[in-house]
Amino acid sequence: MPTGELRPPSHLSAPPPPPTGPATPTAAAAASDDKDCLWAQIKAEARRDAEAEPALASYLYSTILSHSSLKRSLAFHLGNKLCSSTLLSTLLYDLFLNTFSSDASLCAAAVADLRAARVRDPACVSFSHCLLNYKGFLACQAHRVAHKLWMQSRRPLALALQSRVSDVFAVDIHPAARIGKGVLFDHATGVVVGETAVIGNNVSILHHVTLGGTGKASGDRHPKIGDGVLIGAGATILGNVSIGEGAKVGAGSVVLIDVPPRTTAVGNPARLVGGKETPSKHEECPGESMDHTSFISGWSDYII
């Protein structure tokens with residue numbers, strides 16, 4: 001079991017070093033600053049919780065407070081979560097840390113995912129709570145590493161990691177699937193994402209959602225989810241169909257054809273609210289607003 005970045009308590013409370021570089025930061029520098037600020041807040045939350053609940057002090061120290069960065073904490077935590085008797089936590093820790101260190105976009109995506117959970121889920125009481133306990137967040141970060149391995153043609157290891165994520169978190173995302181940033185898998189239990197699926201940025205997906213194929217056809221056969229989409233609990237989207245930017249798929253719906261941007265699809269089979277000729281449009285981004293029921297103003301007074 002990896003021991004993390006052990007430091008004496010005085011070091012843990014030391015402020016981060018002052019930023020260096022030009023007065024006008026680049027996008028990469030701004031992202032790094034954002035990551036550092038979030039990490040400082042996570043450590044502050046962990047210290048507060050350790051003081052309030054001494055029974056968790058050792059756990060919080062080993063998973064958060066003993067580490068010098070978000071990527072090290074996340075690699076340590078994922079390694080311990082996903083290890084088995086034959087897939088050792090030390091091996092996984094090295095794998096996650098090396099992958100996070102080699103691609104800064106993975107840490108940037110993790111930061112965006114943390115912020116998405118904190119803003120969109122009223123049950124998320126802190127960033128540290130999400131980092132430690134939200135299996136949708138953890139499954140997504142593990143998938144990002146598996147996807148990196150897949151793209152490097154390290155496919156047996158990517159598939160082994162997918163299997164462990166499915167076993168531990170009950171979230172099954174094929175390593176080839178592409179996922180943007182600012183993504184919230186809320187509750188996440190039972191989520192299935194197929195091999196050629198694509199999920200855009202700032203998307204929110206509830207539990208028991210399936211992005212699947214149909215039949216035994218190979219090739220590009222899974223849904224493409226646009227930016228800002230909200231997919232309700234138990235929804236099933238099948239085939240190489242497009243869910244347009246800012247669209248909403250109601251809970252329990254079965255979608256088999258394209259859904260235009262900024263519209264709402266509900267039912268089984270799913271139909272557009274307002275009708276297919278003149279569907280009702282919404283201006284808000286449902287993936288961020290998390291509004292599942294705005295299309296209903298009363299009993300049976302809307303048109304599907």
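**Exercise 1. The second largest pocket**

Find which element gives the largest share of the lining of the second largest pocket in this predicted model.

*Solution.* Start with the space itself: the second largest pocket holds about 170 Å³. Next, look at what surrounds its centre. There are 13 lining residues, and the closest to the centre are Ser 105, Leu 106, Ala 109, Arg 144 and Ile 179. Now turn to the elements. Helix H6 (104-120), helix H8 (135-151) and strand E2 (178-179) are the ones that give two or more residues to this lining. Of the elements, H8 provides the largest share, with four residues. To finish, sort the lining by class: four residues are nonpolar, four are polar and five are charged.

**Exercise 2. The cavities**

Work out how many cavities of 30 Å³ or more the model has, and describe the lining of the largest cavity.

*Solution.* The count comes to two cavities of 30 Å³ or more. Take the largest cavity to begin with, which encloses about 60 Å³ of space. Its lining can be followed along the chain: Asp 113 and Ala 117, then Cys 130, Tyr 134, Gly 136, Phe 137, Cys 140 and Gln 141, and finally Val 183, Leu 184 and Phe 185. At least two of the lining residues come from each of H6, H8 and E3. The largest share belongs to H8, with four residues. Sorted by class, this lining has eight nonpolar residues, two polar ones and one charged one.

Now move to the second largest cavity, where the space is about 40 Å³. Around this cavity you will find Ala 139, Ala 142, His 143, Ala 146, Gln 162, Val 165, Val 171 and Ile 173. Two elements, H8 and helix H9 (155-169), give two or more residues each to the lining. Here H8 gives the most, again with four residues. The class count is six nonpolar, two polar and no charged residues.

**Exercise 3. The open sheet**

Which strands stand at the edges of the six-stranded open sheet, and why is one side of each left without a neighbour?

*Solution.* First read the order of the strands, which is E3-E6-E9-E12-E14-E15, with mixed pairing. Then look at the two ends. Strand E3 (184-185) and strand E15 (271-272) are the edge strands; each has a single partner strand, so one side of each has no neighbour in the sheet. Now zoom in on the E3 end. E3 pairs with strand E6 (residues 204-205) in the parallel sense, over two bridges. For Phe 185, the bridge partner in E6 is Ile 205. You have met Phe 185 before, as one of the residues lining the largest cavity.

**Exercise 4. Two packed helices**

Describe how helix H4 packs with helix H5.

*Solution.* Two packed helices are described by the angle and the distance between their axes. For H4 (residues 70-82) and H5 (residues 89-102), the angle is about 145° and the axes lie 8 Å apart. Next comes the handedness: H4 and H5 cross in a right-handed way. Then look for the residues that meet. On the H4 side they are Lys 71, Arg 72, Leu 74, Ala 75, Phe 76, Leu 78, Gly 79, Asn 80 and Leu 82, and on the H5 side Ser 89, Leu 92, Tyr 93, Phe 96, Leu 97, Phe 100 and Ser 101. Last, sort this contact by class, which gives 10 nonpolar, four polar and two charged residues.

Definitions and conventions
Residues are numbered from 1 along each chain as its sequence is written. This is a predicted model: local features need pLDDT of at least 70, side-chain atom pairs count only at pLDDT 80 or more; totals for chains, interfaces and linings use all residues. Side-chain values use heavy atoms; hydrogens and water are left out. Axes are lines fitted to C-alpha atoms, for helices over the stretch in contact, and angles run from 0 to 180 degrees between N-to-C directions. A crossing is left-handed if the near helix is turned anticlockwise from the far one by less than a right angle, and right-handed if clockwise. Contact means heavy atoms within 4.5 Å. Ala, Val, Leu, Ile, Met, Phe, Trp, Tyr, Cys and Pro count as nonpolar, Asp, Glu, Lys and Arg as charged, and the others, Gly among them, as polar. On a 1 Å grid over the protein atoms alone, a cavity is a set of points where a 1.4 Å probe fits but cannot get out, and a pocket is an open set with protein on both sides within 12 Å along at least five of seven lines; lining residues have an atom within 4 Å of a point. Grid points are joined across faces, edges and corners, and a volume is the space filled by probe spheres set on the points. Two strands pair if DSSP finds at least two bridges between them.
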